[in-house]
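Here is a short briefing to read with the structure open beside you. Take the points in any order you like.

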Amino acid sequence: MKPIFKYFEKIDSTNLEAKREGDNGAAGFTVISAGTQTAGRGRSGHTWISPEKVSVATSMLIYPDGIPMEHLPRLTIIAGVSVAEAVEELYPLKTQIKWPNDVLISSKKICGILTEMEAENGHAKQVVCGIGVNVHQKKDDFAPDIRGMATSLDLELSGQQASRKAITEAIWKHFLKHYEVFSSDGGSLEGILDSYNSRLANKDRRVKVVHQPHDFEGVALEMNSEGKLLIRKDDGSIVAVDSGEVHVRGLYGYV
């Protein structure tokens, strides 16, 4: 499987364009990238701002034949691992992943990921996986309220300038490598566990699980093949929590 790359200088949203491509019969693994997004979107309806030619803004169209629909949200986790691996392949930087899919450098967030699915007759018609990576931003480019939690590749490289094109191509190379295994395994994340858990920022850290009706604290252990975080509670029992049901907060700083 090989990606088909399409680049736009300016677009409303790479996710929206990938959806339009799918509606018009585009081939699977079509990748839409843009220099600037005017209506980029993040999780929970948040806006992902893409100033002109300073970020990676890229989305892939996927026709997930044979993968159970309930497992497709795990593609967001695969995207996170792929960003981490791409960064480390290209640059002398060490990444971490804050469960489930926040990619960090120096404990600061480097990217945003949004996976969207369209279903028809109980089956997934198409999936669009969108990724935004901070590349050329300076510290003052970030809003004051997130300045202490966000960073860019250039900031972390201290003088060296990263390549938006190189990071885009590397991300999707790693993504498709993992997607092939993910698909053949029926939607299991077994194939990325070593890579993921070796970067798990929460690993062996005390965390608070914000859950209804009861919150609890414990020590994060690792992610399992279902994308759930294993946490050892204070009574010694181990529970698996799902990112769709709970939020995990580090007790000491962002992670």
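In this predicted model, the buried residues of helix 1 pack against five strands: strand 1 (4-11), strand 2, strand 3, strand 7 (111-120) and strand 8 (123-134). Helix 1 is a good place to begin, and the rest of the chain follows below.

**Helix 1 and its two ends**

- Helix 1 is mostly covered, with seven of its 10 residues buried.
- Those buried residues are Thr 14, Asn 15, Glu 17, Ala 18, Lys 19, Glu 21 and Gly 22, so residues with charged side chains such as Glu 17 and Lys 19 fall under the 20% cut-off for relative accessible area.
- Where the helix starts, Ser 13 places a side-chain oxygen within 3.2 Å of the backbone nitrogen of Asn 15.
- Just after the helix comes Gly 25, whose phi is positive at about 85 degrees.

**Backbone points to look at**

- As a reminder, most residues other than glycine have a negative phi, and most peptide bonds are trans.
- Phe 29 has a positive phi, near 70 degrees, and is not a glycine.
- You will find Phe 29 in the loop that runs from helix 1 (14-23) to strand 2 (30-37).
- Phe 29 has a relative accessible area of 16%, so it counts as buried.
- Ser 106 is another residue other than glycine with a positive phi, here near 55 degrees, and its loop connects strand 5 and strand 6 (108-109).
- The peptide bond between Trp 99 and Pro 100 is cis, with omega at about 5 degrees.
- Pro 100 belongs to the loop between strand 4 (95-98) and strand 5 (102-105).

**His 71 and its partners**

- His 71 sits in the loop leading from strand 3 (55-62) to helix 2 (75-90).
- With a relative accessibility of 18%, His 71 is buried, because the cut-off is under 20%.
- Its side chain reaches the backbone oxygen of Gly 186 at 3.0 Å.
- Setting aside neighbours within four places in sequence, His 71 is in contact with Phe 182, Gly 186 and Gly 187.

**Gln 161 in an exposed loop position**

- Gln 161 is found in the loop between helix 3 (153-157) and helix 4 (164-184).
- Its relative accessibility is 61%, so Gln 161 counts as exposed.
- Not counting residues up to four places away in sequence, Gln 161 touches His 136 and Asp 154.
- Gln 161 and Val 135 are 26 residues apart along the chain, and their C-alpha atoms are separated by 8.4 Å.

**The chain as a whole**

- The chain has five helices and 13 strands.
- Its C-alpha atoms fill a box of roughly 55 × 50 × 30 Å along the principal axes.
- A compact globule of 255 residues would have a radius of gyration near 18 Å, and the chain agrees with that, at 18 Å.
- Buried residues account for 52% of the 255 residues.
- Of the contacts between residues at least 6 apart in sequence, 65% join residues at least 24 apart.
- The exposed area comes to about 12,100 Å², and carbon and sulfur atoms supply 49% of it.
- On the charge side, there are 30 positive and 34 negative side chains, and the centres of the two sets lie 5 Å apart.

Conventions. Residues are numbered from 1 along each chain as its sequence is written. This is a predicted model: local features need pLDDT of at least 70, side-chain atom pairs count only at pLDDT 80 or more; totals for chains, interfaces and linings use all residues. Side-chain values use heavy atoms; hydrogens and water are left out. Helices (H or I, at least four residues) and strands (E, at least two) are DSSP runs, numbered from the N terminus. The radius of gyration is taken over C-alpha atoms; the globule rule is 2.2 Å times the number of residues to the power 0.38. Buried means under 20% relative accessible area, exposed over 50%, partly exposed in between (1.4 Å probe, protein chains only). Contact means heavy atoms within 4.5 Å. Accessible areas come from the Shrake-Rupley method with a 1.4 Å probe; for residues, only the protein chains shown count as cover. Lys and Arg count as positive and Asp and Glu as negative; His and the chain ends are not counted. The place of a charge is taken as NZ of Lys, CZ of Arg, CG of Asp or CD of Glu. A polar contact is a pair of N or O atoms within 3.5 Å; within protein, one must be able to donate a hydrogen and the other to accept it, and residues adjacent in sequence count only if both atoms are side-chain atoms.
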